[in-house]
Amino acid sequence: MKTKTLQMTTNVNFDRIARSYRWLEHLTLGSALQRCRTHFMPALLHQRRALVLGDGDGRFLAALLAANPQLHADAVDTSRIMLQLLREHCAAASSTAATRLKTHQVSALTYTPVRACDLIVSHFFLDCLTQPEVDLLIHRLAANLQPGMLWLVSDFRIPPNGMRLPAHIFVRSLYAAFSLLTGLRTTHLPDHVRPFTEARFVRIAHHHSLFGLLTTELWARPIVHPEADPIGYRVEVEAEVNLTQVL
Ligand SMILES: C[S@@+](CC[C@H](N)C(=O)[O-])C[C@H]1O[C@@H](n2cnc3c(N)ncnc32)[C@H](O)[C@@H]1O
């Protein structure tokens, strides 16, 4: 079962739409996605080592490297052309990007980080994966993560209000378009909340936009274990929530 789903994702190819991705995005959603990606940028200025999964043409990573000159990053993507555009965008945004950025053309599902990181970023990437793949990815990476690290995730969502039906129709058409253009076989938004929670992450902040269709969320792995020290755990989570609230 796992081998089959991994095989399906490996066949996805974003090379064909890599150069037009930015313009397709602008035509459909304007600047809403980039605003969503960068919403929590002020919370990322003290991180030192990032693992960025499926960042596409790298507009987010370019902005992050420019905003945080101490940060080193590993970017993982299966698309050769997306990675090439990512390197170009990062080099244009920061003169030190070449020494701070390493790219890896490999599936995130099989990539093993070589260095410990204190930030993982996945913008509109988990929704390319099936539910078993999201479960596998989060559990695999969580096994090697330092307590205290952050995972920034953005994705589409179906809001529980009057926008539910239009959101369903929009998301279904997006999947149909990506299936045609890239060979993507995923057809439903996977749930990332359950695997994050199972891996002992806590969602410390979230922001919904575009009538609830977009979500960006900061998940943290508290340093204190909730069962070993419930009070210390609560204090730590509340401190992180307060930090992100003043941003
Ligand atoms: C929908 S695009 C999202 C791009 C960008 N993160 C954004 O915010 O728009 C998905 C990206 O993930 C990459 N991708 C798809 N499956 C992957 C996998 N299994 N491992 C690594 N990258 C993958 C694609 O090549 C593409 O660059």
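This is a short walk through one predicted protein model, from the whole fold down to single residues.

Some ground rules come before the tour. Residues are numbered from 1 along each chain, as its sequence is written. Because the model is predicted, local features need pLDDT of at least 70 and side-chain atom pairs count only at pLDDT 80 or more, while totals for chains, interfaces and linings use all residues.

Confidence comes next. pLDDT is the predictor's confidence in each residue, from 0 to 100. The mean for this protein is 90, and 86% of its residues reach 70 or more. Residues 1-8 fall below 50, and that stretch has 8 contacts in the model beyond near neighbours in sequence. A contact means two C-beta atoms, placed from the backbone, within 7 Å. Where pLDDT is low, the predicted coordinates should not be read in detail.

Now the overall picture. How many helices and strands does the protein have? There are 11 helices and 7 strands. Both are DSSP runs numbered from the N terminus: helices are H or I with at least four residues, strands are E with at least two. Of the 247 residues, 34% are buried. Buried means 20 or more other C-beta atoms within 10 Å of the residue's own; exposed means 12 or fewer; partly exposed is in between; C-beta atoms are placed from the backbone. Take the contacts between residues at least 6 apart in sequence: 73% of them join residues at least 24 apart.

On to the sheet. The 7 strands form an open sheet with mixed pairing, in the order β3-β2-β1-β4-β5-β7-β6. The edge strands are β3, residues 101-105, and β6, and each pairs on one side only. Neighbouring strands are turned by 15° against each other on average, direction ignored. For such angles, axes are lines fitted to C-alpha atoms, for helices over the stretch in contact, and values run from 0 to 180 degrees between N-to-C directions. Pairing itself takes at least two bridges found by DSSP between two strands.

Look at β4. Why call β4 largely enclosed by the rest of the structure? Because 5 of the 5 residues of β4 are buried. L119, V121 and H123 point one way, while I120 and S122 point the other. On one pairing, β1 and β4 run parallel over 4 bridges, with A50 partnered by L119. On another, 5 bridges join β4 to β5, residues 150-156, also in parallel. There V121 has L152 as its partner.

Two helices lie over this sheet. Helix α5, residues 59-67, lies across β1, β2, β3 and β4, at about 175° to β2. Helix α6, residues 80-93, lies across β2 and β3, at about 170° to β3.

Next, the hairpin. Strands β6, residues 202-209, and β7, residues 214-220, run antiparallel and share 7 bridges. One bridge pair is R203 with W219. Between the strands sit 4 residues, and L210 takes a positive phi near 50° in this hairpin. F211 is in the same loop, between β6 and β7. Its phi is positive too, about 60°, although F211 is not a glycine. Is F211 buried or exposed? F211 has 12 other C-beta atoms within 10 Å, so it counts as exposed.

Most residues other than glycine have a negative phi. F124 also departs from that, with a positive phi of about 50°. F124 lies in the loop between β4 and α8, residues 131-142. F124 is buried, because 21 other C-beta atoms lie within 10 Å.

One more loop residue: L44. Where is L44? L44 sits in the loop between α4, residues 32-38, and β1, residues 49-53. L44 has 21 C-beta neighbours inside 10 Å, so it counts as buried. Leaving aside neighbours within four places in sequence, L44 is in contact with L64, N68 and L119. L44 and L64 are 20 residues apart in sequence and 8.0 Å apart in space, C-alpha to C-alpha.

Last, the ligand. Which residues are closest to the ligand? They are F14, G54, G56, S79 and H123, out of 19 that surround it. A residue is near a molecule if its C-beta atom, placed from the backbone, lies within 6 Å of it. The shell has 9 nonpolar, 7 polar and 3 charged residues. Nonpolar covers Ala, Val, Leu, Ile, Met, Phe, Trp, Tyr, Cys and Pro; charged covers Asp, Glu, Lys and Arg; the others, Gly among them, are polar. H123 belongs to this surrounding set, and H123 is also one of the buried residues of β4.
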